[in-house]
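Me: I've just opened this one and would like to understand the words people use for it. Can we go through them together?

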Amino acid sequence: MRYLSHIGIVLLLIVLFAACKKQNADPVEMGYRYFPVNTGHWVIYDVDSINYNDFTGTIDSFNFQVKEYVQSAFVDNEGRTSQRLERYVRSTDTAAWVIRDVWFETRTVSCAERVEENIRLVKLIFPVRESQQWNGNTYNTLGEQIYQYETIHTPGAIGNIPLDSTLTVLQKSIYTIIGEDYQKEVYATGIGLVYKKYVSLVKDPVGNITSGIDYSYTLKSYGN
């Protein structure tokens, strides 16, 4: 009986040790750092855009900068803490910033949302898991569009800016003889969006581009 009692004590200690170890373990990496929401956070992007005009037959190229600035926090109509995101544009490094529009964003325990031009999009979902999919248009009327984590927790760099950890969201990838539709966004911890590619082109039967747009956002600088 004494022997069995000792075994019982040992088993109890093992269970208690395992429980304590589990409690002290690092929390699951949810991925919240890929979508910072702190007031004062800002990011500047170099934007390159090519527009194909089927009416005039011309191809127009534009280069400018966009600054996104988390101006303040507020409680939305669902009782959630959200952020007012002010967006500015300028033509060159030395030109004055001019406010272009105001977007809104919300980071919850399960996803990161942005309201862009009055359209609510689900940009990320948490916890971040490789190859995980979701409907980016869950909260709008545009129809289902499946987003997917293409890569996660990958170090990288843009220009001379090192990025500790990045993830890539593939939003759309459709290639046909008469068109291309491609959308991709890359996020980095502590910064947010660092690269965006958007392509929507219409082609004739021999593959010539007749209309559409091809633009990219590339991180230039950021801060708080």
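Reply: Sure, here come some labels, each with the reason behind it. Keep in mind that this is a predicted model.

Me: Let's start wide. What makes up the protein, going by helices and strands?

Reply: There are one helix and 12 strands. From the N terminus, the helix comes before the strands, as the order is α-β-β-β-β-β-β-β-β-β-β-β-β. Of the 224 residues, 38% count as buried.

Me: How are the 12 strands ordered in the sheet?

Reply: They form an open sheet with antiparallel pairing, in the order S6-S5-S4-S3-S2-S1-S12-S11-S10-S9-S8-S7. From one strand to the next, the twist averages 25°.

Me: What makes S6 and S7 edge strands?

Reply: Strand S6 (119-125) and strand S7 (133-135) each pair on one side only.

Me: How do you know that S2 and S3 are paired?

Reply: Two strands pair if there are at least two bridges between them. Strand S2 (residues 59-75) and S3 are joined by 10 bridges, so they count as a pair, and they run antiparallel. One spot to look at is Val66, whose bridge partner in S3 is Val89. S2 and S3 also form a hairpin, with five residues between them. In that turn, Gly79 has a positive phi of about 80°.

Me: What about the other neighbours, S4 for S3 and S1 for S2?

Reply: The argument carries over. Eight bridges join S3 to strand S4 (residues 98-107), again antiparallel, so that pair passes the cut-off of at least two. Here Gln83 stands opposite Glu105 in S4. Strand S1 (residues 42-52) has 11 bridges to S2, so S1 and S2 count as paired too. Ile44 stands opposite Lys67 in that pairing.

Me: Why is Thr106 called buried?

Reply: Buried means under 20% relative accessible area, and Thr106 has 3%, so the label fits. Thr106 is found in strand S4. Among the residues it touches are Asp76, Arg80, Cys111 and Arg120.

Me: And what makes the link between Thr106 and Ser82 a polar contact?

Reply: The N or O atoms of such a contact lie within 3.5 Å. The side chains of Thr106 and Ser82 are joined at 2.7 Å, so the distance is within that limit.

Me: Why are Tyr32 and Phe126 called an edge-to-face pair?

Reply: Ring centres must lie within 6.5 Å to pair, and these are 4.8 Å apart; planes over 60 degrees apart count as edge-to-face, and these stand at 80°, so both tests are met. Tyr32 lies in the loop between helix H1 (2-24) and S1, and Phe126 in the loop between S6 and S7, so the pair ties together parts 94 residues apart in sequence. Tyr32 is partly exposed because its 27% falls between 20% and 50%. Phe126, at 7%, is under 20% and therefore buried.

Me: Why is the pair of Trp134 and Tyr149 called tilted?

Reply: The centres are 4.8 Å apart, but the planes stand at 50°, which is neither under 30 degrees nor over 60, so the pair is tilted. Trp134 sits in strand S7 and Tyr149 in strand S8 (residues 146-158), 15 residues apart. Trp134 has 7% relative accessible area, so under the 20% cut-off it is buried. Tyr149 is buried as well, because it has 0%.

Me: Which residues do ring pairs link into a cluster?

Reply: Tyr45, Tyr198, Tyr215 and Tyr217. The structure holds eight aromatic pairs.

How values were computed. Residues are numbered from 1 along each chain as its sequence is written. This is a predicted model: local features need pLDDT of at least 70, side-chain atom pairs count only at pLDDT 80 or more; totals for chains, interfaces and linings use all residues. Side-chain values use heavy atoms; hydrogens and water are left out. Helices (H or I, at least four residues) and strands (E, at least two) are DSSP runs, numbered from the N terminus. Axes are lines fitted to C-alpha atoms, for helices over the stretch in contact, and angles run from 0 to 180 degrees between N-to-C directions. Buried means under 20% relative accessible area, exposed over 50%, partly exposed in between (1.4 Å probe, protein chains only). A polar contact is a pair of N or O atoms within 3.5 Å; within protein, one must be able to donate a hydrogen and the other to accept it, and residues adjacent in sequence count only if both atoms are side-chain atoms. Contact means heavy atoms within 4.5 Å. Rings of Phe, Tyr and Trp (its six-membered ring) pair if their centres lie within 6.5 Å; planes under 30 degrees apart count as stacked, over 60 as edge-to-face and the rest as tilted. Lists of a residue's contacts leave out its neighbours within four places in sequence.
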